[in-house]
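This report walks through a structure from its overall fold to its contacts. Please keep the sequence and the model in view while reading.

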Amino acid sequence: MKQYLLSIYHPDQPVPDPEVMEKIQQDVTAVNEELQAAGAWVFAGGLYPSTTATVLRVRDGDVLVTDGPFIEGKEHVGGFWIIKVPDLDAALEWGRKATRACTVPVEVRPFREDSQA
Amino acid sequence: MPCPALADVERVFREEYGRAVAVLTRVFGDIDTAEDAVQDAFTEAARRWPDGGLPPSPAGWIITTARNRAIDRLRRESARADKHAEAALIHARDEPAEEGPVHDDRLRLMFTCCHPALGTGAQVALTLRLLGGLTTPEIAHAFLVPEPTMAQRLVRAKGKIRDAGIPYRVPAEADLPGRLAAVLAVVYLIFNEGYTASSGDQLARADLCAEAIRLGRLLARLMPDEPEVIGLLALMLLTESRRTARTGPDGALVLLADQDRRLWDRALVAEGQDLVRRCLRRGQPGPYQIQAAISAVHSDAPDAAATGWRQVLALYDQLMAVSPGPVVALNRAVAVAEVDGPAAALAIVAGLDLDSYYLLHAIRADLLRRLGREAEAALAYQAAIDRTQNAAEREFLARSRARLTPAGLRARSARPPGPRSRSPAGDPPPRPG
């Protein structure tokens, strides 16, 4: 089994209307339940907007703290899944369901096998 | 003079490289291991066969030798605690002889190489490298890319297959149509690149066409029940049949209407037409089959005047229904010009959003010429010349422009269309629509 990170890319603006948001929540919950039923669910979570991010980096031996996000842009990671499936085709199949549910692009990336704690 | 046995090694390499890499990729679950092993085996063959002669089954010998060599090498490497080598050895030990419906390993490899998670450039390069056995310099040369760029593209693509876990299998029935379309698109792209090199002095890169046809034949043998596979092969064969007639002695482009049809390769025409008939009997038309049928109508005509343009137009209408797009609409306009006249075709061309495509301007130029609007035709020829890098095409367009009558250009007066109606793109270079 391989593990994949499914990142959700949200545009920062505009924020969807409450009723649109509610439908998205329902659909995402359905994907979570399906993942768990299939034994493919490892972890998932939604994030607060990128304006809440803080960036840390080492400068001249000290750790510098700045207001985030790290990459200025119009879209940021708004949430993610970690799933456990046999191969990329299976991961992409979940990615299809994920992007339909959250209505924004989803990026699928494999975890290194030697990095998993 | 090459030693006959060395020529045999080369021939076996050409014919069997893809199969050997495909089988060993299944055995070891790793493309790099498979490639290295097959290279080793051919090196061994080049050393042994000239003296010892060809083994009874050269392909079997290569695969067995490659497998043994790879296992030796992997044992040495895993003794040094190489995780990758250990994984490949375990894969080889656990690999069942054959599971489920028997699929040729080359078919699996083809679907892996053309996986939608890989970019088109990577798909094409991988297919030529792994299934065609072309070297990296050969592929780089064919696509006019610097060698290090192509090498990097291949390394990156193989890395993605390995690290992202792109599976090595023929897709499930439900996913097959979409995935097969990607495989066919890659084969067609290789053919097109060979048929009309996108730039450079050589009009035809015959070796790329030959490779695409070889892959097309392989697919047709492995998936005989897929009509679009047969359609693509037919389309390539019918297009290829005109290769000799398509260039003049000086290398200049010769249009379909002006080609010496005696130069067409009758064997390829017959094979292509036979495949088109097979498709028609199945009654499941798709874009490749329809394009092949259009090509077959041209092949039927003993001379350009005898072309069944109404049939061509009806087929283009069908093509527009199954795969609408501006390039198809442009090619359909050529048939409209023959059936309804150049003015009707010009109206269609005017509405197409294809400004960067040289063929739009070339066709527009010819339609304007036929309508006697020679000054506008000259401008359109120039627009076409500015948009192609292919030397033969540029040369052809420049000569067409030079043939416009000076009187017409000066007076900008409407002249009646010439007695002979010519189609600039009755034989348009096939392009993915």
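How many helices and strands does the secondary structure of chain B come to? The count is 21 helices and two strands. The model is a predicted one. Chain B has 433 residues, and 44% of them are buried. Take the contacts in chain B between residues at least 6 apart in sequence: 65% of these join residues at least 24 apart.

**Domains of chain B**

Chain B is divided into domain 1, residues 4-94, and domain 2, residues 105-304. Their centres, taken over C-alpha atoms, are separated by 27 Å. Domain 1 of chain B puts 13 residues into the contact, and domain 2 of chain B puts in twelve. Which helices serve the domain 1 side? Both α1 (4-28) and α2 (31-52) of chain B supply at least two residues each to the side that touches domain 2. The largest share comes from α1(B), with ten residues. By class, this side of domain 1 of chain B holds six nonpolar, two polar and five charged residues.

**A helix pair in chain B**

Further along chain B, helix α16 (residues 326-340) meets helix α18 (residues 358-370). Their axes come within 10 Å and cross at roughly 15°. An angle under 35 degrees counts as roughly parallel, so α16(B) is roughly parallel to α18(B). The crossing of α16(B) and α18(B) is left-handed. From α16(B), the contact takes Leu330(B), Ala333(B), Val334(B) and Ala337(B). From α18(B), it takes Leu359(B), Leu360(B), Ile363(B) and Leu367(B). The class count for this contact is eight nonpolar, no polar and no charged residues.

**Between the chains**

How many residues of chain A are in contact with chain B? Six residues of chain A are, and they touch six residues of chain B. Helix α2 (residues 88-102) of chain A gives the most to the chain A side, with three residues. That side of chain A divides into three nonpolar, no polar and three charged residues.

The table sets out the residue classes for the contacts described above.

| Contact or side | Nonpolar | Polar | Charged |
|---|---|---|---|
| Side of chain A that touches chain B | three residues | no residues | three residues |
| Side of domain 1 of chain B that touches domain 2 of chain B | six residues | two residues | five residues |
| Contact of α16(B) with α18(B) | eight residues | no residues | no residues |

Methods
Residues numbered from 1 in each chain as written. Chains lettered and ligands numbered in written order. Predicted model: local features only at pLDDT ≥ 70, side-chain atom pairs only at ≥ 80, totals over all residues. Contact = placed C-beta atoms within 7 Å. Helix = DSSP H or I, 4+ residues; strand = E, 2+ residues; numbered from the N terminus. Nonpolar A, V, L, I, M, F, W, Y, C, P; charged D, E, K, R; others polar. Domains from an automatic or database assignment. Axes fitted to C-alpha atoms, helices over the stretch in contact; angles between N-to-C directions. Parallel < 35°, antiparallel > 145°, perpendicular 65-115°, else oblique. Left-handed = near helix turned anticlockwise from the far one by under 90°. Buried ≥ 20, exposed ≤ 12 C-beta atoms within 10 Å, placed from the backbone.
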